[in-house]
Number of protein chains: 2
Amino acid sequence: MPNDSSKDGYHHGDLRNALLSAAEGLLVQHGPGGLSLREVARVAGVSHTAPYRHFSDKAALLQALARRGFERLHAAMTDAAAGVPHGPEQQLIAAGIACVRHAVNHAEITQLMFGGTLASTVDAAGDMSGRDAFAALQTIIESGISAGVFRQREPRELALVAWTSMHGLAMLMTAGLLEVDTGNPAALDQLVGSVASNVIYGIAR
Amino acid sequence: MPNDSSKDGYHHGDLRNALLSAAEGLLVQHGPGGLSLREVARVAGVSHTAPYRHFSDKAALLQALARRGFERLHAAMTDAAAGVPHGPEQQLIAAGIACVRHAVNHAEITQLMFGGTLASTVDAAGDMSGRDAFAALQTIIESGISAGVFRQREPRELALVAWTSMHGLAMLMTAGLLEVDTGNPAALDQLVGSVASNVIYGIAR
DNA sequence: ACCTGAACACCGTTCAAGT
DNA sequence: ACCTGAACACCGTTCAAGT
């Protein structure tokens, strides 16, 4: 049974990914914090010490999971913006919708990425932390400034409002602290669009 | 001997608060997730089963800690707004600064309040969840609408931009995902003020 | 009423040992 | 190289028992 004719994918280097997939499934089931390394190994069909061959730590496994999330988030946002050639405002709204949608569809991983659990570890890693997602927004802002549709300010400063508002919306929703029907995509898009357009045009006057 | 001359504070009903204080101290030291009920009891000087006389659960203790945080946050925001009679814009900025300051000064508790760890529990509780903090912002918005300085929209809709942007800023900072000198109060106030004023006046034009 | 100690079923992590 | 089982020091929670 160890040397079977059909390569089942485990047992020759794929274990790392099998562990990550198992961890992601359990994370969705039990929520962050309710994840045990031993159970991950159990689901993956290996002994509870096997994961240490691929991850130095439980934190390292969670970090790898978070990294995946950051990459998906970034991809979702840039893809959304690229699909909208109607100018920076619409691109910003599209990126915002993509950001919040990703958060709602991957609530547990979002909490893992931005929740404090990994804070010190992420801090140590330094190279992820949603920097790319922020950069994606800043790029849109810069093109908007050039086009004369956004204020002539530090792009970083304007991007920060967009980023914090979308991030705050995403976190409140994934934590279940905002009464909104996350199951209804249209309602969600409308809500995000409303926040984004208020960011763009301001609440004053 | 229950009525001793020296009331040491423990052992007659104060244990609940002693446990909460101990938990808060350990939370700051070890971060959320690194908190063990047994260690809380140890620090409080009681056996590791004593806490169950006051909290049904570890989650219940954390929830009580979070509730304290929500109350402090709400108080800080309303106090800040009340101290500024210069009109709704300045009140909004003051409330925002108070919100982020509270988050930075109580980073671990903030992560506990809004992080996903307690999500299901908070959801079950329902009566906290930062509703008061949001309501405080909405009150300022309403007075601003009446005074004609804010747009004539649903107050809830305008308050949501302010709330999400401040919340997002607070979460990014407490998670250590925003390069900013949290030790410098002036720089922090300036940053929050910048975000708040961009929320008010918009990034467009 | 309030607190205790022993007990149970779990963890994360380490390490000598197997193949 | 990769994986294992036993072992260690911890958990959260329960429960009969003490005062």
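Which side chain meets that of A:Asp189 in a salt bridge? The partner is A:Arg101, at 2.4 Å from N to O. A:Asp189 sits in helix H9 (residues 185-201) of chain A and A:Arg101 in helix H4 (residues 88-105) of chain A, so this pair ties together parts that are 88 residues apart in sequence. Keep in mind that everything here comes from a predicted model. Over all chains, the count of salt bridges comes to six.

## Inside chain A

Let's stay with chain A for a moment. Chain A splits into domain 1 (1-55) and domain 2 (65-203). Where the two touch, nine residues come from domain 1 of chain A and seven residues from domain 2 of chain A. Together these domains bury about 700 Å², and carbon and sulfur atoms give 64% of that.

On the domain 1 side, three names do much of the work: A:Leu20, A:Glu24 and A:Leu27 supply 62% of the area that domain 1 of chain A buries against domain 2 of chain A, more than any other three residues. A:Glu24 turns up again in a salt bridge with A:Arg72, where the closest N and O atoms are 3.1 Å apart. Across this domain interface there are two salt bridges, and the number of residue pairs in polar contact is two. As for the make-up of the domain 1 side, it has five nonpolar, three polar and one charged residues.

## Chain B against chain A

Now for the contact between the chains. Chain B puts in 46 residues and chain A puts in 46 residues. The area buried between chain B and chain A is about 4000 Å², with 60% of it on carbon and sulfur atoms. In chain B, the residues that lose the most area to chain A are B:Arg151, B:Leu177 and B:Ile203, which together account for 18% of what that side buries.

How many salt bridges cross the interface of chain B and chain A? The count there is zero, whereas 18 residue pairs are in polar contact between chain B and chain A. Several helices of chain B feed into the side that touches chain A: helix H5 (107-114), helix H6 (119-125), helix H7 (131-146), helix H8 (155-174) and helix H9 (185-201) each supply at least two residues. H8(B) has the largest share of that side, with 13 residues. Sorted by class, the chain B side that touches chain A comes out as 25 nonpolar, 13 polar and eight charged residues.

## The two DNA strands

On to the DNA. Around DNA strand D there are 20 residues, and the closest are A:Ser47, A:Thr49, B:Leu37, B:Arg38 and B:Asp57. DNA strand C also has 20 residues around it, with A:Leu37, A:Arg38, A:Asp57, B:Ser47 and B:Thr49 coming nearest. So much for the names; here are some of the individual atom pairs.

| Protein atom | DNA atom | Distance |
|---|---|---|
| A:Thr49, polar side-chain atom | DNA strand D, base oxygen | 3.3 Å |
| B:Arg38, polar side-chain atom | DNA strand D, base nitrogen | 2.5 Å |
| B:Asp57, polar side-chain atom | DNA strand D, phosphate oxygen | 2.5 Å |
| A:Ser36, side-chain N or O atom | DNA strand C, sugar or linking oxygen | 3.4 Å |
| A:Leu37, polar backbone atom | DNA strand C, phosphate oxygen | 2.8 Å |
| A:Arg38, side-chain N or O atom | DNA strand C, base nitrogen | 2.4 Å |

Which helix of chain B gives the most to the surface near DNA strand D? That is helix H2 (residues 37-44), with three residues. For DNA strand C, the element that gives the most is helix H2 (residues 37-44) of chain A, with three residues.

What about the DNA side of these contacts? Of the atoms of DNA strand D within 4 Å of the protein, 49% are sugar or phosphate and the rest belong to bases. For DNA strand C, sugar or phosphate makes up 47% of the atoms within 4 Å of the protein, and bases the rest. Turning back to the protein, the surface near DNA strand D holds six nonpolar, eight polar and six charged residues. Near DNA strand C, the tally is six nonpolar, eight polar and six charged residues.

Key:
Residues are numbered from 1 along each chain as its sequence is written. Chains are lettered from A and ligands numbered from 1 in the order in which they are written. This is a predicted model: local features need pLDDT of at least 70, side-chain atom pairs count only at pLDDT 80 or more; totals for chains, interfaces and linings use all residues. Side-chain values use heavy atoms; hydrogens and water are left out. A residue is near a molecule or strand if one of its heavy atoms lies within 4 Å of it. A polar contact is a pair of N or O atoms within 3.5 Å; within protein, one must be able to donate a hydrogen and the other to accept it, and residues adjacent in sequence count only if both atoms are side-chain atoms. Helices (H or I, at least four residues) and strands (E, at least two) are DSSP runs, numbered from the N terminus. Ala, Val, Leu, Ile, Met, Phe, Trp, Tyr, Cys and Pro count as nonpolar, Asp, Glu, Lys and Arg as charged, and the others, Gly among them, as polar. Domain bounds come from an automatic or database domain assignment. Contact means heavy atoms within 4.5 Å. Buried area is the accessible area (1.4 Å probe) that two parts lose on being put together, summed over both. A salt bridge is a side-chain nitrogen of Lys or Arg within 4 Å of a carboxyl oxygen of Asp or Glu.
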